[in-house]
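The following account concerns helix packing and surface pockets. Please examine the model with these two topics in mind.

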Amino acid sequence: MAGFAALPDARRYRLTNATVPACLAEGLAPDREGLARVDLTIDGATLAAIRPAGGPDPENLPALDLDRGMAWPAFIEAHTHLDKGHIWPRSPNPDGSFDGALSTVRDDKAAHWSAEDVRARLAFSLRCAYAHGTRLIRTHIDSDPKQYPISWPVFAALREEWAGRVELQGAALVAIDWLLDDAYFAGLGRTVRAHGGILGAVTYPVAGLEAGIDRLFRHAIEHGLDLDFHADETGDAAVRTLALIAEAVIRHRFRGRVLVGHCCSLARQPDDVIDRTLDLVAEAGLAVVSLPMCNLYLQDRRAGATPRWRGVTLLHEMKARGIPVMVSSDNTRDPFYAYGDLDPLEVYAQATRILHLDHPVGDWPRAVTATPAEVLGRPDLGRLEAGGGADLVLLRARTWTELLSRPQADRIVVRNGRAIDTTLPDYRELDALLAPEGANA
């Protein structure tokens, strides 16, 4: 497959004849597919100018003709689990179910999750994400009583080590009823604050659910923290904790950012319940992230039966109400999702198919770029803007059908105006870690 030539070896250069999603830049005149052709001027680490394609260049700068290939801003991942990543070879899910994933991760964690183990797998994941073109990642961090003192310092050290390449945010992942344990919650809160993290919880329908939600909000208000929830990751239509989270935002008059992931059961509920819930979500200002690949894998899995629904939440209906919506990778090669490589372009392509984010494409490309950047507090990222950073992903695809038909493995990832090495790490690097007795993983 023919690829691009190398970027010009100059501080200031042009990328000409590029195709960009018009929704990711201001002031462009889109074609009927929502695309625009532009010339980009790069000046060191800055995207200095965006102009209509074919205009004159009075500076006579060195240039690379993209031949109508797409240029995207660097990707943003709003919901991942880097601490779980890549344990599948030593701990596969026995039946692909949600319950199987929970028990398998619990056992693997107890047996293996030392600081060295977590660090090695998390670093491997970051190398994958960086090579695919990701600029910012929020990862959930399993924060049960024995694990959080191990994993949070590892996360903080890697965040410092990767600064300037991949920006990391961490969100505590705990069962909501654990927060009613005073000693545990005090220790976790200190750790999250000390490491610049975000509070989060899984809102299972358990005794103490609403008390746990209220305690979480009170702590976030007291310490100026944002919140991030896992909610309703089930096909059980009776599970409706998303509305409880929205009501808590309104009740506490919470002014921080609140991101909620999954919300699968919403798609199984009656229309009147859906309407009331989405009205609450919009009033509360919640943002929602769907994890289409993981939830397609887990939801409605029954031995010997074909799944009857897609497992994803109602992004179109949310978006119509002005609710910020996005998609993300979630788990990677662990018992919750056996596949994936932290490639947001794969997430976008699969989400387009699973959720029908097409005909028209509209501004759905924002779901892996500008919208998660805004929700994660970095509105300067995830868009093409004159004067912004020169962090780009250059693709041979010229149209949506070309983009979504191939994996775009020959992409060029540009950071601070220069192409990076996009060689992905070899899984064999993890063999000793994941098969310590020398078994062939």
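At roughly what angle do the axes of helix α5 and helix α6 cross? The axes of α5 (residues 209–223) and α6 (residues 241–252) cross at roughly 40° and come within 10 Å; axes are lines fitted to C-alpha atoms over the stretch in contact, with angles from 0 to 180 degrees between N-to-C directions. The two helices are therefore oblique to each other, a class left after under 35 degrees (roughly parallel), over 145 (roughly antiparallel) and 65 to 115 (roughly perpendicular).

This is a predicted model, in which local features need pLDDT of at least 70, side-chain atom pairs count only at pLDDT 80 or more, and totals for chains, interfaces and linings use all residues. Residues are numbered from 1 along each chain as its sequence is written, and side-chain values use heavy atoms, with hydrogens and water left out.

In the contact (heavy atoms within 4.5 Å), residues of α5 including L209, I213 and F217 meet residues of α6, among them L244, I245 and A248. The contact of α5 with α6 comprises 8 nonpolar, 2 polar and 4 charged residues.

Turning to the pockets (open sets of points on a 1 Å grid, accessible to a 1.4 Å probe, with protein on both sides within 12 Å along at least five of seven lines; lining residues have an atom within 4 Å of a point), the largest holds about 900 Å³ of space. Its lining has 42 residues, with F98, L102, V202, Y204 and F336 nearest the centre. Helix α1 supplies the largest share of that lining, 7 residues.

The second largest pocket has a volume of about 320 Å³. Of its 18 lining residues, D343, P407, Q408, A409 and R411 lie nearest the centre, while α10 gives the most, with 5 residues.

Methods
Helices (H or I, at least four residues) and strands (E, at least two) are DSSP runs, numbered from the N terminus. Ala, Val, Leu, Ile, Met, Phe, Trp, Tyr, Cys and Pro count as nonpolar, Asp, Glu, Lys and Arg as charged, and the others, Gly among them, as polar. Grid points are joined across faces, edges and corners, and a volume is the space filled by probe spheres set on the points.
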